[in-house]
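Trainee: Could you take one part of this structure and walk me through it closely? I'd like to see how that part sits in the rest of the chain.

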Amino acid sequence: MDRLLVLLVSGVVILAAIFTLRPILLRLSQRDALRKASQPLPRQWVALLHQSIPATRHLTDEQRVQLLRSSRDLIRTRRWEGSGGLILTEVIQLTIAAQACLLTLAMPGEPFPGVREILVYPRTFVPRHVCDPRKWLQASEPQRPLPLEGEAWGNGVMVLSWEAVREGARNPGDGSNVVLHEFAHELDYERHLTAGLELAEFVDGAAATMVPSVPDPEEWRRVIQASYERLSERIAAHTASALNEYGGTNIAEFFAVATETFFEKPVQLAREDPDLYAQLRSLYQQDPAAVA
Ligand SMILES: [Zn+2]
């Protein structure tokens with residue numbers, strides 16, 4: 001009986017301690033997060049952003065600082081690794097992180113919670129395996145893996161070629177940007193942006209019931225599907241488009257290509273497909289065509 005009483009009293013004391021300490025611990029961790037967020041950014045980062053990533057030139061000064069802060073978070077909180085002999089540098093990490101975080105600039109919460117590891121190769125690499133089940137659906141998919149510039153595995157690992165990253169960043173008007181492309185796939189996985197659209201029912205029955213995390217999922221689905229079909233028709237008719245032909249591969253590739261085009265050829269995209277442009281503007285909360 002005495003033992004039971006001791007146990008009960010100890011339990012009450014422990015619970016009381018937890019309740020008393022919890023707000024203090026919470027405040028300490030919030031203060032730590034605030035302290036980290038308010039640490040000054042390296043001075044050379046702003047210049048580096050301006051020189052190396054012209055796709056960020058449409059941002060306001062405030063947005064640029066915000067972009068650099070979330071880039072720093074992505075650099076500090078994920079595992080980065082140079083592969084194939086590449087030595088990782090701050091320039092490499094920032095060039096990747098800043099372009100990736102451009103996509104999540106207006107989205108609340110930490111950028112890309114699904115990514116835990118970023119592997120960077122010096123040049124194109126041969127994929128070890130393909131995790132995106134959608135890729136198996138393509139009849140034209142080569143049997144033997146071809147060298148790639150980047151790959152979002154959808155299992156927390158992002159693989160990129162530094163050569164392709166640098167080229168993509170350097171030419172902001174050609175509609176081709178491997179970081180925007182691969183991180184758009186990641187965003188798609190995380191927010192189910194193309195779930196339930198074209199071919200998805202063959203992949204996973206659950207995909208059809210997933211709802212895209214956008215303000216108006218119905219309208220989003222209608223526009224993305226219609227734009228994808230229009231691009232497929234243009235490709236079949238050999239008609240030029242602001243969107244790269246690769247977007248006709250499947251709906252997931254269409255979304256990744258549309259994202260590259262939105263940031264790199266915004267005026268052409270807004271002219272060719274205003275509905276698609278409006279949906280992407282509402283998703284990314286940015287209007288690159290307005291300042292292009
Ligand atoms: Zn892709």
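Mentor: Let's look at helix H6, and then step back to the chain around it. Keep in mind that this is a predicted model. H6 covers residues 178–191, so at 1.5 Å a residue its 14 residues should span 20 Å, and with the end C-alpha atoms 20 Å apart the helix agrees with that. As for its surroundings, H6 is mostly covered, with 12 of its 14 residues buried. The buried run starts with Val178, Val179, Leu180, His181, Glu182 and Phe183, and carries on through Ala184, His185, Glu186, Leu187, Asp188 and Tyr189. So charged names such as Glu182, Glu186 and Asp188 turn up in that list, because burial here just counts 20 or more other C-beta atoms within 10 Å. Just past the helix, histidine 192 has a positive phi of about 50°.

Now for the wider setting. The protein has 12 helices and 4 strands, and buried residues make up 37% of its 292 residues. Of the contacts with a separation of 6 or more, 65% link residues 24 or more positions apart. Over in the strands, S1 (residues 79–82) and S2 (residues 117–121) pair in the parallel sense over 4 bridges, and one bridge joins glutamate 81 to leucine 119 in S2. Between S1 and S2 the chain passes through helix H4 (residues 90–104), and this β-α-β crossover is left-handed.

On confidence, the average pLDDT is 82, and 78% of the residues score at least 70. Residues 128–144 are another story: pLDDT stays under 50 there, and the model has 17 contacts beyond four places in sequence for them.

How values were computed
Residues numbered from 1 in each chain as written. Predicted model: local features only at pLDDT ≥ 70, side-chain atom pairs only at ≥ 80, totals over all residues. Helix = DSSP H or I, 4+ residues; strand = E, 2+ residues; numbered from the N terminus. Expected span 1.5 Å × (residues − 1). pLDDT = per-residue confidence, 0-100. Contact = placed C-beta atoms within 7 Å. Pairing = 2+ DSSP bridges. Right-handed = clockwise from strand over helix to strand, strands pointing away.
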